[in-house]
Amino acid sequence: MIKGIAVAYIHTPNKKLADFYENTLGLKKGYGDETWQAFDTKEGSKFALDYISYPSSTVQKQSIMISFAVDDVKAAVEELSKKGVRFYPDNDKTKTIFDVGPSLVATFEDPDGNFVQLSQQKQW
């Protein structure tokens, strides 16, 4: 089901933070809009900034998010729900999967209360 990490990202209201990652760490900016700035990497997982505003949601209060790549997010939600995984918000499967531009995502909590995502890249 899980193929790897699709993206690790930081929730932040600070759009200038992208300049640090670009100018200081040398990461090249990739896709970006008013709510998201991805960075191109040659190998491994992707990295991005998710620009939030306040008040932030329960999920956004966690500063770093790991998003696991899956082929079919709906099937993964169904399978994990049967195993007792609680999805945000409130385990309502009709509102669990969100369209966030290039991906469909579903967020859940692990047993320690950490939010983690499943991410299915859309076909273009």
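**From a surface patch to the covered strands**

At a relative accessibility of 30%, Ile-66 counts as partly exposed. The model described here is a predicted one. Ile-66 belongs to strand S5, which covers residues 64-70. Together with Ile-5 and Ile-64, Ile-66 forms a nonpolar patch on the surface. The accessible area of these three residues together is about 230 Å². In soluble globular proteins, nonpolar side chains tend to be buried together. The patch of Ile-5, Ile-64 and Ile-66 is instead found on the surface, and the interior is considered next.

The largest nonpolar core is made up of 11 residues. Its members are Val-70, Val-73, Ala-76, Val-77, Leu-80, Val-85, Phe-87, Ala-106, Phe-108, Val-116 and Leu-118. Three elements each give two or more residues to this core: helix H2 (73-82), strand S8 (103-109) and strand S9. Of the contributors, H2 gives the most, with 4 residues. Val-70, one of the core residues, also touches Ser-119, a residue taken up below.

Strand S8 merits attention in its own right. S8 is mostly covered, since 5 of its 7 residues are buried, that is, under 20% relative accessible area. Several strands pair with S8, and each may be taken in turn. Strand S6 (residues 86-88) runs antiparallel to S8, with 3 bridges between the two. Within this pairing, Phe-87 has Phe-108 of S8 as its bridge partner. Phe-87 and Phe-108 are also both members of the largest nonpolar core.

Strand S7 (residues 97-99) is likewise joined to S8 in the antiparallel sense, over 3 bridges. Here Asp-99 stands opposite Leu-104 in S8. S7 and S8 form a hairpin, and 3 residues lie between the two strands. The turn of this hairpin contains Gly-101, whose phi is positive, at about 90 degrees.

S8 and S9 also pair in the antiparallel sense, with 7 bridges between them. The bridge partner of Ala-106 in S9 is Leu-118; Ala-106 and Leu-118 both belong to the largest nonpolar core. These two strands form a hairpin as well, with 5 residues between them. Gly-113, in the turn between S8 and S9, has a positive phi of about 90 degrees.

Is Ser-119 buried or exposed? Ser-119 has a relative accessible area of 6%, and therefore falls under the 20% limit for a buried residue. Ser-119 is placed in S9, the strand of residues 115-121. Beyond its neighbours within four places in sequence, Ser-119 is in contact with Ala-6, Ser-67, Phe-68, Ala-69, Val-70, Ser-103, Leu-104 and Val-105. Among these contacts is Leu-104, the residue of S8 that stands opposite Asp-99.

Charged side chains form a further part of the picture. Side chains of opposite charge can pair when their charged atoms come close. The structure holds 6 salt bridges. One of them joins the side chains of Asp-19 and Lys-29, at 3.5 Å from N to O. Because Asp-19 lies in helix H1 (residues 17-24) and Lys-29 in strand S2, this pair ties together parts that are 10 residues apart in sequence. Asp-19 is partly exposed at 34% relative accessibility, and Lys-29 is partly exposed with a relative accessible area of 30%.

A second partner of Lys-29 is Glu-22, with the closest N and O atoms 3.7 Å apart. Glu-22 is partly exposed, its relative accessible area being 28%. A further salt bridge is formed by the side chains of Lys-83 and Glu-79, at 3.6 Å from N to O. Glu-79 is partly exposed, with a relative accessible area of 37%, whereas Lys-83 counts as exposed at 60%. As for shared partners, salt bridges join Asp-19, Glu-22 and Lys-29 into one network.

Lys-29 also takes part in strand pairing. Strand S2 (residues 28-32) pairs with strand S3 (residues 36-40) in the antiparallel sense, over 3 bridges. In S3, Phe-39 is the bridge partner of Lys-29. S2 and S3 form a hairpin with 3 residues between them. Lys-29 thus has a bridge partner in S3 and salt-bridge partners in Asp-19 and Glu-22.

Definitions and conventions:
Residues are numbered from 1 along each chain as its sequence is written. This is a predicted model: local features need pLDDT of at least 70, side-chain atom pairs count only at pLDDT 80 or more; totals for chains, interfaces and linings use all residues. Side-chain values use heavy atoms; hydrogens and water are left out. Buried means under 20% relative accessible area, exposed over 50%, partly exposed in between (1.4 Å probe, protein chains only). Contact means heavy atoms within 4.5 Å. A nonpolar core is a set of buried Ala, Val, Leu, Ile, Met, Phe, Trp, Tyr and Cys residues joined through side-chain atoms within 4.5 Å. Patches are made of residues with over 30% relative accessible area and no salt bridge: like charges are joined within 9 Å, nonpolar side chains (Val, Leu, Ile, Met, Phe, Trp, Tyr) within 5 Å. Accessible areas come from the Shrake-Rupley method with a 1.4 Å probe; for residues, only the protein chains shown count as cover. A salt bridge is a side-chain nitrogen of Lys or Arg within 4 Å of a carboxyl oxygen of Asp or Glu. Two strands pair if DSSP finds at least two bridges between them.
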